[in-house]
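This report goes through one protein model, from its packing to its domains. The sequence and the coordinates come first.

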Amino acid sequence: MGAYAGVDLGATHIRAVIGDETGSIVSSHKTETPRGPAGIAVTEAVLDAIRQACDAADIAPTDVVAAGIGSFGPMDLAEGVVENPANLPDTIDRIPLTGPVENLIGSERVSLHNDANAGVIGERFYSDRSPDDMVYLTISSGVGAGVAVDGNILSGWDGNAGEVGHLTIDPHGFMTCGCGHDGHWEAYCSGENIPRYATQLHREDPVETALPIETEEFSAADIFEYAGEDEFASHVLDQISHWNAIGVANIVHAYAPLVVYVGGAVALNNPEQVLQPIRDRLDDMVMSNIPDIQLTQFGDDVVVRGALASALTGGTGDPSQRI
Ligand SMILES: [Zn+2]
């Protein structure tokens with residue numbers, strides 16, 4: 001059997017899978033992402049996850065023909081490393097990835113993508129419907145997109161195409177993004193920023209609410225749960241939906257996708273509350289064809305599947321380009 005490896009390197013977990021030449025997953029290993037002491041510890045954990053997945057598939061790492069990695073960024077694709085990740089401690093400055101994995105499997109066929117790009121590669125390879133023009137949008141601890149146009153996965157300078165979470169959607173800049181700039185999409189709509197945004201809105205207009213807004217001990221999940229019953233939570237969700245729709249409309253105008261697959265914890269945990277308001281608003285915002293807005297069918301697996309699909313297709317996700 002031809003064996004291929006896929007790795008999902010996330011801020012909390014690392015998952016490695018081994019798949020066969022059809023893309024079926026035959027083994028899997030999951031471990032926690034080390035919080036230090038340095039980036040090399042994360043590299044070692046990735047290598048160990050691949051070794052463990054190989055063990056479970058009863059093969060040696062050198063039996064792996066090609067590997068793909070989907071990771072948080074920012075990354076230096078030329079060097080094959082993640083540099084200064086925002087969501088891990090500061091002592092983790094540089095995480096070497098492609099070089100060490102090449103050494104482990106004894107093959108130079110190792111591709112590295114940011115996680116959203118891995119997501120669109122996964123959708124392209126595994127979806128029943130995989131048009132040449134499609135977007136994978138993740139709404140999670142951040143917001144980002146992987147984009148396929150004319151059958152090409154857009155990578156951009158240093159792999160940073162599709163950083164749509166940093167589109168300016170609010171010219172008034174009510175919220176400041178984790179990147180330091182004002183008015184960016186994910187400053188309003190990511191899982192971590194939704195409670196911050198709600199708190200700011202409440203400071204502007206302190207209406208009554210059942211949310212424990214003063215203590216700030218509430219999460220994005222509470223907003224979704226209270227919406228519909230609590231007037232303030234409903235207002236927050238309405239605002240979030242507004243910003244999400246502006247973001248998706250910008251994506252539609254920029255890339256003309258036939259379908260937008262949406263994943264990430266915020267969307268996966270609240271699919272109808274996130275997706276339907278976007279669908280409802282696009283008519284009033286988009287001048288061109290309106291794509292289908294669909295929840296990813298692959299849940300939390302979309303990135304690791306995309307990494308595996310990248311290994312199988314030379315980084316394209318195109319099922320006809322299997323190596
Ligand atoms: Zn930003």
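Which residues have the most contacts inside the largest nonpolar core? In this predicted model, they are Leu137, Trp185, Tyr188, Val248, Val262 and Val274, within a core of 47 residues. Helix H7 (residues 231–255) supplies the largest share of this core, 11 residues. A second core, separate from the one just described, has 32 residues, including Ile18, Leu47, Ile69 and Ile105. In soluble globular proteins, nonpolar side chains tend to be buried together.

Val262 can be followed further. With neighbours within four places in sequence left aside, Val262 contacts Tyr136, Leu137 and Ile139. The list for Val262 continues with Ala267, Leu275, Ile293, Gln294, Leu295 and Thr296.

**Aromatic and charged groups**

The model has five aromatic pairs. One of them joins Tyr188 and Tyr197 in an edge-to-face arrangement, and both of these residues are buried. A pair of aromatic rings is described by the distance of the centres and the angle of the planes; for Tyr188 and Tyr197 the values are 5.0 Å and 75°. Tyr188 and Tyr197 also belong to one aromatic cluster with Phe174 and Trp243. Elsewhere, the charged end of Arg305 lies over the ring of Tyr126. The distances from both cases, together with that for the domains, are tabulated here.

| Items | Distance |
|---|---|
| Tyr188 and Tyr197, ring centre to ring centre | 5.0 Å |
| Arg305 charged end to Tyr126 ring centre | 4.7 Å |
| Domain 1 centre to domain 2 centre, over C-alpha atoms | 27 Å |

**Strand S8**

Why is strand S8 largely enclosed by the rest of the structure? Five of the five residues of S8 (residues 110–114) are buried, so the strand is largely enclosed. In a regular strand the side chains alternate between the two faces of the sheet. In S8, Val110, Leu112 and Asn114 point one way, while Ser111 and His113 point the other way. The residues on both sides are all buried. S8 pairs with strand S4 (residues 64–71) in the parallel sense, over five bridges. In this pairing, Gly70 has His113 of S8 as its bridge partner.

**Domains**

The domain assignment splits the protein chain into domain 1 (3–122 + 301–313) and domain 2 (128–296). Their centres, taken over C-alpha atoms, are 27 Å apart. How many residues does each domain bring to the contact? Domain 1 contributes 10 residues and domain 2 contributes 16 residues.

Methods:
Residues are numbered from 1 along each chain as its sequence is written. This is a predicted model: local features need pLDDT of at least 70, side-chain atom pairs count only at pLDDT 80 or more; totals for chains, interfaces and linings use all residues. Side-chain values use heavy atoms; hydrogens and water are left out. Buried means under 20% relative accessible area, exposed over 50%, partly exposed in between (1.4 Å probe, protein chains only). Helices (H or I, at least four residues) and strands (E, at least two) are DSSP runs, numbered from the N terminus. Two strands pair if DSSP finds at least two bridges between them. A nonpolar core is a set of buried Ala, Val, Leu, Ile, Met, Phe, Trp, Tyr and Cys residues joined through side-chain atoms within 4.5 Å. Contact means heavy atoms within 4.5 Å. Rings of Phe, Tyr and Trp (its six-membered ring) pair if their centres lie within 6.5 Å; planes under 30 degrees apart count as stacked, over 60 as edge-to-face and the rest as tilted. A charge sits over a ring if NZ of Lys or CZ of Arg is within 6 Å of the ring centre and within 35 degrees of the ring normal. Domain bounds come from an automatic or database domain assignment.
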